[in-house]
Structure formats: structure tokens, C-alpha cells
Amino acid sequence: MNKLRNLALAALLSGTALSPALAETLEVAIIGEPQTLDPMMSTQDVVSIVTQHFVETMYTFDSQWQVAPLLAEALPEISEDGTLYRISLRHDITFHDGSTLDSADVVDSLNRWLSVATRGKGVAEQVESITAPDAHTVEIKLSQPYSPLLSLLAFSNSAAAIYPQEVMKDGDLTAIVGTGPYKLVEHKPDQYISLARFEGFVPRSEPSSGNAGGRKQVPDEIRFVPVPDPSTRVEGLLSGQFAYADALPVEAFDRVSASDKAEPVLLQDFGWPVWAINHKAGLLTDANIRKALQAALPMDDMMFAAFGDDKFFKVDGAMYPEGWPWRNETEVGLYNQNDPETAAELLKAANYDGTPLRILTSRQYEFHFKMAEIAKMALEQAGFKVEMNVVDWATLGQQRNDPALWDVYITHSPFLPEPALTDLYAPTSRLGWSNPEKDEILQQFTAETDMAKRQDLFGKLQGQLLSDVGFIKIGNFASLHGKAKGLHGVDPSPWPAFWGAGAQ
């Protein structure tokens, strides 16, 4: 009998009742149906949150956002010239289908990642070969040093996931089979994704730290429930139905704080809303129209409309908050201009013909929609025609892959420990942002290993971002999640994990 069931029985015998949220099935409200259950194929946070429980990577991040081994035995041996990574694998790893992990699985998985994953494709040109000298060793040979490689191999988003060789056919998966502490049991789209403990799981021996170290297996079942409506996520949390609810509207903070069943989880300087710009097709391939868009946006008003109280946001044009090593002020004067006259002049210079600016957004993340509503008014004042396409988050995830369907899509990103994890900088991303000067700076940034030089290069990259309007950061925001009172074992994170979640 599991720990949660014991607690429930003890509570019943003592005349008290645990919240339904802390019963033997741990229910987690997520913002909608994940686009896929293959984390290689998506950069959506909701995909990472769910799939990290059953699909694993060679490396991961600890609580200080340092890269740590997961399926690898240890950090790799790296040649002096920085071009050869020799990785030893753990010997005791079993996939959920009963097969044993070996280097052939890793080689095929990483080659698939290079060919199909957004972040994998971003590094593919640097990879000369991936080979297996023996059954438990993998070697990655690069054409030149590439400093973000380990962070990319550790990230759960567009992940370098490791699958059995047998389930990969011509780039596709025939089944979702991983090595994680939980395995996929049932997926009913738009209803739930049910996970159960994997009895063959062997945790690492190190103490747990973030996603690194020994992963636990506390709940009998973890059930992710897609709840697209933010108000419904709040009510489900307050009623005790959900043990945890992701991405709550900040207006709910006081209600959750006052609840006798739930409490808020507030992640300050969590991330940044992004206006992703289509450089491949359409209106914003014209630099003057991109600059007009940037000049017209009222960041103060957009952030206030989205978050309501400045304890939840900061109007900040630098790409990283205060305290981060990547913080710099290059070209931040181009941020938050809120200048319709300048925008109108730029539209005139571009011979703008009134073609609607197509903004693709959703309401699963309510703040995306609120920002778009405010921006629409400002853009129309500057002379833009605006067409809002409001879809569900899964549809947005599909439509943004077709550059014929949008000019801007709205998303957000957590602040990531390595800037190169933000694939939007890469010319190979779905945005297709590319110019010779920026591409050269990006190449130098990713090849450089000296931290001081990398910081200087990132300042230049930020300058290019703002002057060429590669994409647009709207500000810094805090993220509100909620959890049942008495729930422990879930570290605050953009991608919370529930394998250690239980009542105390």
C-alpha cells in the first residue's frame, strides 16, 4: 500500500479526511491537451511537464540549473580542443518495454533529435558524427566547439530524449517508451493522461536536487488533466479536486491565499512573454514594418493588462533580469517606445498597403490574450490593420509551424540558464530570423567557451535582436501556480515534476 493511501486511511480512522487532491491518484491540472507526448517534437512547456515523468535524457539540470548526469554515468570527458565528447552510460537502465538501454539506442535517439527536433536541428550542422565505441559508450564529434551542447542535451523541452532503437522507424515513433520513474498507462485526449510507477526503475544514488539525483516514485498514479479554462483550474484547485494547478491567472492569488484547501506557488521573474515574428513569409519580412510594430507596442499597458499588479511583472527591455550573468543594457532604448507617430512614419517608409497583421494567440494562457487585446488598439492607432486569430493552445502549436498562417504568434519562455536554449535566435527556428551580422555573432557566441567573452557576445546579440526586431520581449513576469495544502515534494519550477509528490 502506498504512502498516500496510508495517509488517507490514517486520516479516515482519525475522523479527518484528506483532500481528494491528496488521495492515491495525484491529479494535476495542466493548461490543455499536450501537442504531442514525444518531447523531441515540441517546445511547449506543457509537453515537458508531462513527458519528463516517463521519457529521460542523458543529462538534466539540478536545483542550481547546473548540468548533471541522468542516463549518463557522469559528465562527459571533453577533448582539449572542445570537439569530442565521450559519454559513459549507466549499466542498469531498463526501458518500460523491458529492453535494456545501450549505446545503439542513444546513437539512434540523438541522430533522430538532430533531424526532427527544433533544438536538435539548431546544432546539427556542428555535429560531424555520433558513434558507439562499445555498448556503454557514446562519442559525439563536433566540427568546432559548441558551448551550449550539454545544456541542450539536458533540456526537457525539444528534448534529446532517449528511446529504444526498436520504436524509431524512419524518424517516427511507433510507441512512447522511456526510462522514467513513471510509465504511460492511458491517454484519453482532452480527458486525462494517466501514469503509473515503473517497477523496473532504478534511481540514481545521489541526493535529489532539482531534476537531478535520485528520482522518487511516491504517488501510485499521476493523472494530468487538461483544463483549458483558467477559471476552471482555479475552482478545481480550491475545491480540492486538483493537487496542483499550472498557470493560474494572477487575479486568483488572493483567493488561493485565503483558501483552506490550497496555497499559491509564485515564481518571481519566471519568464518573459514573447511576440514571435515570422521572418519567412508575410508582412514582417519587411524590416521597417517590424520596427513599426516594435515602436507602437505599449509594454507598460500590455503588462498591466496581463498581470494587473506590478508585484507580478516588470517592464524591462533587457533579455535577462537583474542578477543573471547574461544581463546587459545594449539597445534597450528601443524597447517600450509606445510611439505611434514613429510607427506611422516607418509604415509609410515601407509603403504599407493595409494588409492585416495576423496575430495568432490563445486563451489557455489568459495573459497572452489580454496583451494582444491592448496591443491591437495601439497598433491600429499607429496605422496597422490587425487580424486576431484566437485558437486553443494545441492548435496554435500546430499552426505556428506553417509560416503562411501568421505574422506574429504569442508565447512565453522561462528565463533559461543558457541563452542558446532559446531557439528563436537560430536561423533554423520556425521564425527563420537571419541576417549576416547576427548569424556571425550567434556562431561566435556558441563556439566561445570563455564566460566573459560569451557575456560580451550576448550583449551584441541582444543589440541585434532589438535593432533588427528578431522577436519581441514584452517584459518580465511572475508565474502563479497553486497546490493543495499538505502537498510536499514538488519544487517550484517552470516544469514542475511530481514523482516525489506526497502528503506530509
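Contact here means heavy atoms within 4.5 Å. The exercises below use that term, and the model they explore is predicted: local features need pLDDT of at least 70, side-chain atom pairs count only at pLDDT 80 or more, and totals for chains, interfaces and linings use all residues. Residues are numbered from 1 along each chain as its sequence is written, and side-chain values use heavy atoms, with hydrogens and water left out.

**Exercise 1. Find what share of the contacts with a separation of 6 or more joins residues 24 or more positions apart.**

Step one: take the contacts in the protein with a separation of 6 or more. Step two: pick out those between residues 24 or more positions apart; they make up 72%.

**Exercise 2. Decide how the radius of gyration of the protein compares with the globule rule.**

Begin with the elements: there are 14 helices and 22 strands (DSSP runs, H or I of at least four residues for helices, E of at least two for strands, numbered from the N terminus). The radius of gyration is 23 Å, close to the 23 Å from the globule rule for 504 residues, so the protein is as compact as a globular protein of that length. Both terms use a set recipe: the radius is taken over C-alpha atoms, and the rule is 2.2 Å times the number of residues to the power 0.38.

**Exercise 3. Place Asp423 and state whether this residue is buried or exposed.**

First, locate Asp423: the loop between strand S18 (408-414) and helix H13 (436-447) holds this residue. Next, check its relative accessibility, which is 11%, so Asp423 counts as buried (under 20% relative accessible area; exposed is over 50%, partly exposed in between, with a 1.4 Å probe and protein chains only). Finally, list its partners: beyond neighbours within four places in sequence, Asp423 touches Thr43, Thr118, Arg119 and Ser429.
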